[in-house]
Amino acid sequence: MTPEEVVGRLSSGMTVGIGGWGSRRKPMALVRALLRSPVTDLTVISYGGPDVGLLAAAGRIRRLVTAFVTLDSIPLEPHYRAARQRGAFALTEIDEAMFMWGLHAAANRLPFLPVRAGLGSDVMRVTPELRTVTSPYEDGEEFVAAPALRMDAALVHLNRADRLGNGQYLGPDPYFDDLFCEAADAAYVSCERLVDTAELTENGSLQTLLVQRHSVTGVVEAPGGAHFTSCAPDQPRDEAFQRAYAAAAADPVAWETFAARFLPPDGDEKGYRQAVRTWHEEQAAPARPEEQATPARPEEQATPARPEKQADPARHEERS
């Protein structure tokens, strides 16, 4: 499939799960296609990163279910923070382990699974819809009933896949992409490279087959489809571009310029990759003479502080 064909299967009001973790192996090509579509009013389930940030900036989220939203090397996703501060969508905030057990419950078509995570924490206060259950056995222990995170559709990104829907991760962490696919009514896998099935199992790599074809609806070959998030070992996180993204997100005018260049509504993935390549070339190019800093005139250069301007050690101690 193409990213556009995947998004053509989605509709407004759906519950959509997005795999990956923070700013790692996110299906960004599918997210960008979603931004170019009219689909909105979504319930998004995600260990959040820029996927959540971009959808929040575009006003596509009705409710977010998450344990965090981060860019990893930048602790808090700026679009997410701004959206939450203005109350742009409802939030169901749960513990990371509760999130995982919610995926397990949905994958097994159970309404909930008991978990100790969350007990004694403010998770129960900020998410009052959560309930507890008591063990029916002699121990009588109390647990949080982690609700199943069922989805209409899941979007994930992997290193390799075949045309049948078998997907392989090659990095250090599988995250929970297999559970996202199993917890959804339909699952779409984008991959760095589409390969023959035999290549997925050669060299003793059977244990890296994370996603099986029975839980996949469609496959998209999308080289660089996780950009700007990481997809080890195929590509590291594009830290320079991520910093530019975060800086632009802090200013509405700068974001409008950024979005017009990299996320135009009439664009596609080929145009996005070319825009990113051009941006990197611009960053690497030496500054033109008129852009270089003009050396300070001698009278403007720094001079030692006059005695009365120097720090007073006693005052420093008083402040301490």
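**Exercise 1. In what order do the strands of the open sheet of three strands stand, and is their pairing parallel or antiparallel?**

Before starting, note that this is a predicted model, in which local features need pLDDT of at least 70 and side-chain atom pairs count only at pLDDT 80 or more, while totals for chains, interfaces and linings use all residues. Residues are numbered from 1 along each chain as its sequence is written, and side-chain values use heavy atoms, with hydrogens and water left out.

*Solution.*

Step 1. The order is β5-β7-β6 with antiparallel pairing, where strands are DSSP runs (E, at least two residues) numbered from the N terminus, as are helices (H or I, at least four residues), and two strands pair if DSSP finds at least two bridges between them.

Step 2. Because β5 (112-115) and β6 (131-134) each have a single partner strand, they form the edges, and one side of each has no neighbour in the sheet. From one strand to the next, the twist averages 45°, with axes taken as lines fitted to C-alpha atoms (for helices over the stretch in contact) and angles running from 0 to 180 degrees between N-to-C directions.

Step 3. The antiparallel strands β6 and β7 (residues 142-147) are joined by four bridges, and Val133 stands opposite Phe143 in β7.

Step 4. Helix α5 (residues 96-107) packs on this sheet and touches β5 and β7, its direction making about 145° with that of β5; contact here means heavy atoms within 4.5 Å.

**Exercise 2. Determine which parts of the chain are tied together by the salt bridge between Asp72 and Arg24.**

*Solution.*

Step 1. A salt bridge is a side-chain nitrogen of Lys or Arg within 4 Å of a carboxyl oxygen of Asp or Glu, and by this rule the count comes to 14. For Asp72 and Arg24, the closest N and O atoms are 3.2 Å apart.

Step 2. Asp72 lies in the loop between β3 (61-66) and α4 (78-85), and Arg24 in the loop between β1 (15-18) and α2 (28-35), so the pair ties together parts that are 48 residues apart in sequence.

Step 3. Asp72, at 23% relative accessibility, is partly exposed, and so is Arg24 at 29%; buried means under 20% relative accessible area, exposed over 50%, and partly exposed in between (1.4 Å probe, protein chains only).

Step 4. Arg24 and Asp72 also belong, with Arg237 and Glu239, to a network of salt bridges.
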